[in-house]
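Reader: Please show me the model, and then let me ask how its descriptions are justified.

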Amino acid sequence: MRQGHALMMLSESDRYQAAIEKFNAAIELSRSLRIPRLRVEAYWGLTRAFGYRGDLAEAQRMAQEGIEIATRAGDEWIASIIRCTLGACHILAGMNEAGQNLLAQAMHGFQECSDPFGLTSSQLWRSIGWYYTDQDSPFRDEFQQVLESCMKHQYSCMLVKPTLLGLPDERRLVPLLLRAKAEGWSDGYPNRMLHEMGLGQLKFHPGYELRLQTMGSFRVWRGGAAVTPEEWKRESSRQLLQVLIANRTAPLDRDQICECLWPGKDPAAGHRNFKVALNALYQVLEPDRDAGCESAYIVREGSTYALRPGADVWLDCAEIDRVVKEAEQLLQGEPERARALLDRALELYQGDFLAEARYNTWAAAERERLTVQFLRAGDRLCELYQEDDPEAVVRVCQRLLGVDNCWERAYRFLMTAYSKLGDHGQVARTFETCLEVLRSELDVAPAAETFELYRKLIEQGT
């Protein structure tokens with residue numbers, strides 16, 4: 001059961017199914033022991049797993065099983081936990097009235113059991129339900145009570161990270177905290193929570209993190225939900241986002257964007273195309289944004305547009321830059337941490353930057369920069385691995401040469417690694433490959449350093 005709970009705290013896409021398997025295994029074990037009470041916690045876990053992944057009917061069935069056993073055992077506390085979770089599942093499903101009724105029952109049970117954490121969790125879910133159905137008065141009353149309780153009992157965790165009775169995605173709370181911050185509730189406490197999440201500078205937030213994959217395949221997620229191909233109503237909206245990503249360090253004028261997407265087009269027609277593409281992009285990134293409201297992810301200043309600085313966006317190419325920079329600062333003092341970070345950078349490099357736009361000149365400079373970043377990161381990683389892990393050097397070099405088969409230093413690292421592994425045949429084959437590739441691709445011979453290393457390694461092996 002505890003493994004099931006832990007799995008649900010992860011971010012992997014298959015976490016709910018993995019948790020369901022653990023809870024079902026726990027139920028089978030408890031049946032063999034003939035102790036029904038042992039199954040209640042597993043039914044609670046199944047309620048959450050099915051409900052959070054959108055199977056409300058199965059969540060209700062699991063909750064009923066658990067509540068019936070808990071009621072027969074006289075355990076109001078665990079019954080209230082199940083009701084709280086089932087109420088949360090209804091809130092997530094957009095069934096606010098049913099969710100509020102279940103959460104009110106859970107609150108009554110937690111009050112009877114004198115459990116302030118369960119009570120606050122139920123109130124938090126009720127606040128979410130009120131907020132997202134635009135019921136302002138009950139939201140104000142309930143959420144202020146939640147904030148005061150979190151301050152009093154030090155329950156900040158339920159506001160800033162996933163918990164077993166809380167949200168599967170804590171970003172859903174950010175708009176509520178921004179509202180509380182704007183209205184000055186709880187003596188600055190909401191602002192402190194936003195800063196703890198790294199979102200203290202935000203003014204707008206749709207309730208989810210935007211995740212963008214640009215290396216290899218281009219993919220977009222709103223929170224945990226992937227944007228489907230059907231949601232991109234226009235290819236130009238997809239390309240507009242890519243242009244903004246490729247030029248994310250500086251705003252672009254509308255005319256510059258039009259020249260990227262519709263080169264040579266009449267300016268008036270280009271501006272019309274841009275307006276249509278921009279509105280379509282807003283619909284993809286923030287489908288619930290009210291018309292006329294500022295975007296949480298795209299900022300406009302006059303005729304210039306850019307990804308909003310400091311927005312709640314995870315971008316794989318920016319993450320590569322971040323981890324490589326951090327690794328470089330740790331190379332001398334903490335090589336093990338630097339090695340882990342560089343491994344992460346190579347893992348993030350899933351292919352060329354915006355590979356689908358490989359023939360568009362506006363993506364070329366950033367693609368080349370990231371390729372060089374990848375090669376240099378791999379080079380540094382080989383230096384860190386070369387003394388004690390030649391097999392890792394082979395693995396990294398094969399990746400480097402898969403991206404750039406003319407990266408000569410990779411051949412030298414590879415020959416040295418094969419020599420340490422005692423595979424002198426591969427040393428010779430690697431050198432011959434280096435000769436052939438450099439001759440055919442660049443019409444040059446390897447550097448003197450490569451010839452000298454090869455001679456030295458061959459002599460050592462004979």
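The exchange below takes the terms used for this predicted model and sets them against their criteria.

Reader: What makes S2 and S3 a pair of strands?

Author: Pairing needs at least two bridges between the strands. Two bridges join strand S2, residues 219-222, to S3, so the criterion is met. The two strands run antiparallel. Within this ladder, Arg-222 has Ala-225 of S3 as its bridge partner.

Reader: Why is S3 called an edge strand?

Author: Strand S3 (225-226) pairs on one side only, and so does strand S7 (313-315). The order in this open sheet of four strands is S3-S2-S1-S7, and the pairing is mixed.

Reader: How do you know that 225-226 can count as a strand?

Author: A strand is a DSSP run of E with at least two residues, so a run covering 225-226 qualifies. The protein has seven strands in total, along with 21 helices.

Reader: What makes a residue buried, and how many of them are buried?

Author: Buried means under 20% relative accessible area. Of the 462 residues in the protein, 50% are buried. The exposed area of the protein is about 22,800 Å², with 48% of it supplied by carbon and sulfur atoms.

Reader: What counts as a contact, and which share of contacts links residues 24 or more positions apart?

Author: A contact has heavy atoms within 4.5 Å. Among contacts with a separation of 6 or more, 59% join residues 24 or more positions apart.

Reader: Which side chains are counted as charged, and how far apart are the centres of the two sets?

Author: Lys and Arg count as positive, Asp and Glu as negative. That gives 55 positive and 67 negative side chains, with the centres of the two sets 2 Å apart.

Note on methods:
Residues numbered from 1 in each chain as written. Predicted model: local features only at pLDDT ≥ 70, side-chain atom pairs only at ≥ 80, totals over all residues. Heavy atoms only, no water. Buried < 20%, exposed > 50% of the residue type's maximum accessible area, 1.4 Å probe, protein only. Areas by Shrake-Rupley, 256 points an atom, 1.4 Å probe, with all protein chains shown as cover. Charge placed at Lys NZ, Arg CZ, Asp CG, Glu CD.
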